[in-house]
Amino acid sequence: VQNLAQHCEQDHPTTAIFYHGHGGKVNITNNIYGPYRYFIYEQAPQQGYYPPPWHPITVDDWQDIYNYTANNHRFVFLWACTQGNEVGGYISGYHRGMPYAWSHRSSLSQDGYASPDTGNYVFIGFENMSRRLSYWPTANNNYKYWLVFFYYFALNGYSIKDALDEASKMVWGPNRPFYTTELYNGYWERNPWFDPNKPCSYPLNWEWWWSNMRVYGNGARTLPH
Amino acid sequence: MSFSMKSYLAAVVPALICVLFLVQVLSAYSVEPTTQDKALNFLKEVLMLDMKRYNATLAMYNSYPIDMGGYVREDVKYALTSAKSTINVIFEFRNNTLVYCHLHGLGSSTLYFQTPPGNILDAAKGLMQRYQAYSGATYLQKMRDMLDAVTELKPITTTLDDVKFRIRNYGPYTCFEWICTVNGIDVERKGVMFTFHNGSFEHFADTWDLYKVGTADLKVSRDEAIRIAREYAYSHPYTFGGVPVNFTILDEPVSAELSMEPREGYTLYPWWNIRLYLDKVYPGNVGSIQVTLWADTGEVTHCEAISVGGSPAPIEPPSEPPAGPTPEGSTGQNNLNFLIIIAALIVLTIAVIAIKKKRK
């Protein structure tokens, strides 16, 4: 990821990227309630019995993305947990938050779908837990198909927000654009590491996480096609 | 005389048939407007845009192959430009019938031949009235009556026969929705919708005639669906590295959602979406199993091991504080490499000096 980001930044005028995998966050002070920095795993844990930090290969926002990007990652779509939790910015010595790390902009619209800003950048990621691509929200389409539909329309003249609408209509029906779906409105996802023997107030051990897909920046932008 | 009559009939009857055929063909062409015509008519007749003051440019037209339900989808995109603003409109038609419209750019500079009410509720009533005239569909009268009975804009849900009417907010969107409801099951795909955003109309959809309800009779109850799902998941364990994984499904929690989903084209049937949660995380990061089945037959349609894409909870901070932020254009790894090189050079220098001293 780091090498590709650097290559695209140096050798291409503009870049759109997609990443599917695992992600997480870590508090950068000793306060478990944040602020956080975020990371993705280059390789999914193969055993997966325990949560991080046992996985050795992580790609961090503050040191592996921010330092290798500048201006040209115009559309970034990270299908992994926590990547869209917040825009982020510079705090406590860290250039933290994936949208900020990729775009170097901390003022991206908080809802780039409903209220796009006028900038050049769009970031899509999940707040808290991502839906799995193999999950079937409807009888005939799982999220893998949703994603194929999204890129089909995004690469054929539809703006990012219109492509989100069209992909959602393909999955849920023509009367169900993006803002009517669970992706925009949110869903509960269970933390499989939840331990009923620990207190639930402890954020490391919340059983259910409210999650949704977040669009930051200017969703009205259209990809070159 | 009879010969001449026969000759006369032989000449006139085919001519009459040809004329009648031509009239049929011509009338068909003249009565059925194209999707582009229908799109422009919708803008004028339903949204009351002053099309004489807009330059309407066909920005895109896509026609897709006939789908499994026997429908042809056509997408039409118009750019409406005036001296003051540009409005982009996307239309979707199925078999020449409008099912979806989305406008970008309506606002204070929009040119109407008759300005719609600023009040969203009154604007919605006006839209429904004009859409009924535009469409001519009989099912719209009941929906219109339900909307006309509303006197205050607030979230509501009312049901009349097979129509459930909702005013609800999706984030910043205010949505007027009429959906079909049968046997207590909401048919979310089959309905009519007007949506406002920032006080202006933005989305329209009408899929009432697109979908048909096959059956809403539940042969499989919620409890039965969960039982089938558990048995199926245990008898069809997922594999990791080619080896079946033995897992344990918790009794609780379990989620079971019922919806009406297409089978056989656009005909809808009840469908259970069951999520079974496991007692721990199993190889492959799997924490739950999704099993789906038709509620009218019990046939299982999918069984998926659902892994998680990471942890939403903050991980424990590292035992040693992380290295401080690195300057732009560098990284922690680069700093580490630099330190290793410096250390190696120091060791090498000391070794060279020591060797030289020994030789002396």
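**Notebook: two chains, A and B**

I started with Asn128(A), which sits in the loop between strand S8 (122–127) and helix H4 (143–154) of chain A. Helices (H or I, at least four residues) and strands (E, at least two) are DSSP runs, numbered from the N terminus. The model is predicted, so I note that local features need pLDDT of at least 70 and side-chain atom pairs count only at pLDDT 80 or more, while totals for chains, interfaces and linings use all residues. For bookkeeping, residues are numbered from 1 along each chain as its sequence is written, chains are lettered from A and ligands numbered from 1 in the order in which they are written, and side-chain values use heavy atoms, with hydrogens and water left out.

**Backbone oddities**

Most residues other than glycine have a negative phi, and most peptide bonds are trans. Asn128(A) has a positive phi, near 65°. I looked up its burial too: with a relative accessible area of 9%, Asn128(A) is buried (under 20% is buried, over 50% exposed, partly exposed in between; 1.4 Å probe, protein chains only).

Asn183(B) also caught my eye, with a positive phi of about 55°. I found Asn183(B) in the loop between strand S7 (173–182) and strand S8 (185–197) of chain B. Is Asn183(B) buried or exposed? Asn183(B) is exposed, because its relative accessible area is 55%.

Then I checked the cis peptide bonds. One joins Gly34(A) and Pro35(A), with omega about 5°, and Pro35(A) is in the loop between strand S2 (23–27) and strand S3 (36–41) of chain A. Another joins Glu252(B) and Pro253(B), with omega about 0°; Pro253(B) is in strand S13 (residues 249–263) of chain B.

**Where the chains meet**

How many residues of chain A are in contact with chain B? I noted 75 residues of chain A in contact with 80 residues of chain B, where contact means heavy atoms within 4.5 Å. The two chains bury about 6100 Å² between them, 55% of it on carbon and sulfur atoms. Buried area here is the accessible area (1.4 Å probe) that two parts lose on being put together, summed over both. In chain A, Trp136(A), Pro174(A) and Tyr179(A) lose the most area to chain B, together 11% of what that side buries.

I counted on the rule for charged pairs: it finds 5 salt bridges across this interface, each a side-chain nitrogen of Lys or Arg within 4 Å of a carboxyl oxygen of Asp or Glu. Glu189(A) and Arg275(B) form a salt bridge at 2.4 Å, N to O. Helix H5 (residues 160–172) of chain A gives the largest share of the side of chain A that touches chain B, 8 residues. I also jotted down a network of salt bridges that links Glu166(A), Lys169(A), Asp67(B), Arg73(B), Asp75(B), Glu92(B) and Arg94(B).

**Salt bridges within a chain**

Over all chains, the count comes to 30 salt bridges. In chain A, I looked at Asp60(A) and Arg37(A), whose side chains meet at 3.7 Å, N to O. Asp60(A) is in strand S4 (residues 58–60) and Arg37(A) in strand S3, 23 residues apart. Both Asp60(A) and Arg37(A) are buried.

In chain B, I picked Asp162(B) and Lys142(B), with the closest N and O atoms 3.3 Å apart. Asp162(B) is in the loop between strand S5 (156–160) and strand S6 (163–170) and Lys142(B) in helix H4 (residues 140–148), so the pair ties together parts 20 residues apart in sequence. Asp162(B) counts as partly exposed at 30% relative accessibility, and Lys142(B) is partly exposed at 28%.
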